[in-house]
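Q: Please take a close look at one part of this model, a place where two helices pack. Then work outward from there to the rest of the assembly.

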Number of protein chains: 2
Amino acid sequence: MITHAMEDYLKAIYLLQKGEDAKVHTSVIAQHMDVSAASVTGMIRKLASLELLNHNSYHGVKLTEGGKKIAQEVIRHHRLLELYLVEIMGFTWDKVHHEADKLEHVISEEFEEKMAEALGHPTIDPHGHTIPTKDGNLKEASYKILAEIDSGRFVTIRQVNDDLPEMLRYLAGLGLVPGAPVQVVTKAPFNGPLCLKIDGFEHHIGREVARNVFVELSETQTD
Amino acid sequence: MITHAMEDYLKAIYLLQKGEDAKVHTSVIAQHMDVSAASVTGMIRKLASLELLNHNSYHGVKLTEGGKKIAQEVIRHHRLLELYLVEIMGFTWDKVHHEADKLEHVISEEFEEKMAEALGHPTIDPHGHTIPTKDGNLKEASYKILAEIDSGRFVTIRQVNDDLPEMLRYLAGLGLVPGAPVQVVTKAPFNGPLCLKIDGFEHHIGREVARNVFVELSETQTD
DNA sequence: ATTAAAATTTAGGCATGCCTAAATATGACT
DNA sequence: AGTCATATTTAGGCATGCCTAAATTTTAAT
């Protein structure tokens, strides 16, 4: 029996397991899930006994195909829910992460299908993350971090971190949402703020925010 | 902190506490929730310590105002969910009880409000049960049991039990849904079947089914 | 290679919520 | 009032999932 806690761990490990072969360490999981390292070790033992991951003691874990499949299903639930809550129910994009975190564990496959149909089988959630397909395909596009873009470049916003409601409200107020074209006008030194031209207006945002926004370089354009 | 299990107990006790002052006994709760009597005693102790109910040892329990309030909120969630799943998402009415039983504990107040708005602040769920108002008003109409209606009488279907998916599919196939006008043509003796005239056609249903359907007497009519 | 710091695991504990078996209280009948 | 069946509670146990503190392993630095 897969419990909600197990699903949460599998999801976290999947998302932290950036490189396909990279091992994920206990401490990283513990920090991401806000539990003690000892708790992570305990859960790892349980998941390993169910062959949902392989554990190399003291050297991290790696999901098996079975573990990956469950993680992808949970992530599909989560991202479909986020989009459904925004598009169909009228939630603002800062509230949906928390709501989806609870709902993702309890909805049925039929609920998932009804959402997918209502949304026209979407591929991207409100924050720009790829929605895994039903058969478990998840190719996360790898975008660049806005904070690391050179000044002068033109970019398109592609993704924002979804778990910081206040930051999401701030970003929405600036127009920094997926799809928005933006120019990095200047970057102040000593980790200073970025000056961005968004929709014709200049805004200054700190590096911390800029590290939570992911972009794609545009063809250089003159506007 | 109110756990999901506590919410389930409070909901069950509320629904079993038919008369306003009636005590609900341990064994009745145990049977309704499919757990042992000992488990019920344990949970009762916990709920009593939180002053959500009063426990008169060996003589049953009675919800306090606080306990009632929580029960009503859970029931409001459940019934709004059932209607939302049917009306907005396109579920059939036999599937929604199970889905709502899981969702009712995890949705936010905002989720509840969005559903109520989308549905136009409804008062009745797909099976004919009253949806408590936000301020906790629940006047359950008391209908008559179809099995106990005298032959010859005209009735309107008002309510059906929502937790037996197969029976719900059967009833829907017959047209025995809330709002349907029906005549009890005959009742076979020795707990035999009822002959009903529904939408011009005669159908024969067993007593067990007829005990799960609740009706209101119509003005006697000639049709 | 030794040692110290950091990461990880083990050990033991706690709350929740379920169980079975045993003890106890209630209520109905004689 | 005494007896017995039934209902309820108490006692003790188990799985889950978290915790802290102690022991152990790894890794990095000298």
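A: A crossing is right-handed if the near helix is turned clockwise from the far one by less than a right angle, and left-handed if it is turned anticlockwise. The model is predicted. By that rule, H1(A) and H2(A) cross in the right-handed sense. The two helices pack at about 115 degrees, and their axes are 10 Å apart. H2(A) spans residues 26-33, while H1(A) covers residues 4-16.

Which residues make the contact between H1(A) and H2(A)? From H1(A) come Asp8(A), Ala12(A), Ile13(A) and Leu16(A). From H2(A) come Val28(A), Ile29(A), His32(A) and Met33(A). By class, this contact has 6 nonpolar residues, 1 polar and 1 charged.

Take Leu16(A) from that set. The residue sits in H1(A). Is Leu16(A) exposed, buried or partly exposed? Leu16(A) has 17 C-beta neighbours inside 10 Å, so it counts as partly exposed. Burial would need 20 or more. Setting aside neighbours within four places in sequence, Leu16(A) touches Val24(A), Val28(A), Ile29(A) and His32(A). Val28(A), Ile29(A) and His32(A) also belong to the H2(A) side of the helix pair. Tyr170(A) gives a sense of distance along the chain. Leu16(A) and Tyr170(A) are separated by 154 residues in sequence and by 26 Å from C-alpha to C-alpha.

Now the DNA. H1 of chain A is among the elements that give two or more residues to the surface near DNA strand D. H3 (37-49) of chain A does so too, as do H2 (26-33) and H3 (37-49) of chain B. The surface near strand D holds 21 residues, and Thr3(A), Ala38(A), His25(B), Ser27(B) and Ala38(B) come nearest. H3(A) gives the largest share, 5 residues. By class, the count near strand D is 10 nonpolar, 10 polar and 1 charged.

H2 of chain A turns up at strand C. There, H2 and H3 of chain A, together with H1 (4-16) and H3 of chain B, each supply at least two residues. Strand C is surrounded by 21 residues, the closest being His25(A), Ser27(A), Ala38(A), Thr3(B) and Ala38(B). The largest share near strand C is 5 residues, from H3(B). The surface near strand C divides into 10 nonpolar, 10 polar and 1 charged.

Next, the contact between the chains. Chain A and chain B each put 11 residues into it. On the chain A side, H5 (96-103) and H6 (109-118) each supply at least two residues. That side has 4 nonpolar, 2 polar and 5 charged residues.

H5 of chain A also has a buried set: Val96(A), His97(A), Ala100(A) and Leu103(A). Where do the buried residues of H5(A) lie around the axis? They fall within an arc of 130 degrees, so they line one face of the helix. The rule behind this is simple: an α-helix has 3.6 residues a turn, so residues three or four places apart point the same way. The buried residues of H5(A) pack against H4 (65-87) of chain A.

In chain B, the buried residues of H5 (96-103) are Val96(B), His97(B), Ala100(B) and Leu103(B). Their arc of only 130 degrees around the axis puts them on the same side of H5(B). H4 (65-87) of chain B is part of what covers them.

Some loop and strand details in chain B complete the tour. Most residues other than glycine have a negative phi. Tyr58(B) has a positive one, near 70 degrees. Tyr58(B) lies in the loop between E1 (53-55) and E2 (61-63). Its 7 C-beta neighbours inside 10 Å make Tyr58(B) exposed. Phe190(B) also has a positive phi, near 55 degrees. Phe190(B) belongs to the loop between E5 (181-187) and E6 (194-198). With 5 C-beta neighbours inside 10 Å, Phe190(B) counts as exposed.

His204(B) is part of strand E7 (201-205). Its count of 12 C-beta neighbours inside 10 Å makes it exposed, since the exposed class takes in 12 or fewer. Leaving aside neighbours within four places, His204(B) contacts Pro193(B) and Cys195(B). Gly192(B) is 12 residues from His204(B) in sequence and 9.6 Å away, C-alpha to C-alpha.

Note on methods. Residues are numbered from 1 along each chain as its sequence is written. Chains are lettered from A and ligands numbered from 1 in the order in which they are written. This is a predicted model: local features need pLDDT of at least 70, side-chain atom pairs count only at pLDDT 80 or more; totals for chains, interfaces and linings use all residues. Two residues are in contact if their C-beta atoms, placed from the backbone, lie within 7 Å. Helices (H or I, at least four residues) and strands (E, at least two) are DSSP runs, numbered from the N terminus. Ala, Val, Leu, Ile, Met, Phe, Trp, Tyr, Cys and Pro count as nonpolar, Asp, Glu, Lys and Arg as charged, and the others, Gly among them, as polar. The arc is that of the directions from the helix axis to the C-beta atoms. Axes are lines fitted to C-alpha atoms, for helices over the stretch in contact, and angles run from 0 to 180 degrees between N-to-C directions. A residue is near a molecule or strand if its C-beta atom, placed from the backbone, lies within 6 Å of it.
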